[in-house]
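This note is addressed to a colleague who is new to the structure. Please look through the sequence and the model before turning to the numbered points.

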Amino acid sequence: MPRQRRSAVLLAAFMGGAGVLHFAVPKAFDSTVPRMLPGKPRTWTYASGVVELALAAGLAHPRTRVAAARATAGFFIGVFPANVQMAVDWRHRPRPQRVAACARLPLQVPLVLWARGVARGADGP
């Protein structure tokens with residue numbers, strides 16, 4: 001399998017796995033929903049799970065890959081406030097959890113770059 005296709009498939013699997021987790025263990029995601037958002041956190045948890053599954057499907061199909069990869073990059077940027085919320089909320093938790101919450105913040109950058117790379121690679125021959 002060519003490198004660009006493998007990257008797209010891996011990103012699709014990553015997004016699909018994340019989407020499934022939003023439904024399998026929603027409580028873990030509810031606490032990361034920024035309090036400024038209206039409605040119940042569970043609604044946002046499920047909505048983001050649906051979006052992740054849709055993005056995974058788009059990434060998996062060559063015809064929709066470019067648009068889905070661009071949307072995935074935007075999604076990673078859009079969920080950054082949830083990661084900030086988690087880091088703030090977990091600042092008094094045990095050290096391993098604090099470290100994990102803070103480590104998520106800079107990890108958004110390579111995720112955005114990965115999605116952008118998939119979009120650029122899908123544009124090619």
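1. Helix α1 passes α4 in a left-handed crossing. The structure is a predicted model, and the remarks that follow should be read on that basis.

2. The geometry of this first pair can be stated further. The axes of α1 and α4 come within 12 Å and cross at roughly 50°. That angle makes α1 oblique to α4, because it falls in neither the parallel, the antiparallel nor the perpendicular range.

3. Helix α1 also meets α3. Here the two axes come within 8 Å, and they cross at roughly 160°. Because angles over 145 degrees count as roughly antiparallel, α1 is roughly antiparallel to α3. The crossing of α1 and α3 is left-handed. In general, two packed helices are described by the angle between their axes and the distance between the axes.

4. The helices should next be considered together with the empty space in the model. The largest pocket has a volume of about 650 Å³. Its lining comprises 27 residues, of which His22, Glu52, Phe75, Val79 and Arg104 are the closest to the centre of the pocket. Two or more residues of the lining are given by each of α1 (3–24), α3 (41–60), α4 (65–78), α5 (80–89) and α6 (95–123).

5. Which element provides the largest share of the lining of the largest pocket? It is α3, with six residues.

6. As to the character of this lining, 18 of its residues are nonpolar, seven are polar and two are charged.

7. The aromatic side chains deserve a separate remark. The count of aromatic pairs comes to four. Ring pairs join Phe14, Phe75, Phe76 and Trp114 into a cluster. Phe75, a member of that cluster, is also one of the residues closest to the centre of the largest pocket.

Notes
Residues are numbered from 1 along each chain as its sequence is written. This is a predicted model: local features need pLDDT of at least 70, side-chain atom pairs count only at pLDDT 80 or more; totals for chains, interfaces and linings use all residues. Side-chain values use heavy atoms; hydrogens and water are left out. On a 1 Å grid over the protein atoms alone, a cavity is a set of points where a 1.4 Å probe fits but cannot get out, and a pocket is an open set with protein on both sides within 12 Å along at least five of seven lines; lining residues have an atom within 4 Å of a point. Grid points are joined across faces, edges and corners, and a volume is the space filled by probe spheres set on the points. Helices (H or I, at least four residues) and strands (E, at least two) are DSSP runs, numbered from the N terminus. Ala, Val, Leu, Ile, Met, Phe, Trp, Tyr, Cys and Pro count as nonpolar, Asp, Glu, Lys and Arg as charged, and the others, Gly among them, as polar. Rings of Phe, Tyr and Trp (its six-membered ring) pair if their centres lie within 6.5 Å; planes under 30 degrees apart count as stacked, over 60 as edge-to-face and the rest as tilted. Axes are lines fitted to C-alpha atoms, for helices over the stretch in contact, and angles run from 0 to 180 degrees between N-to-C directions. Angles under 35 degrees count as roughly parallel, over 145 as roughly antiparallel, 65 to 115 as roughly perpendicular and the rest as oblique. A crossing is left-handed if the near helix is turned anticlockwise from the far one by less than a right angle, and right-handed if clockwise.
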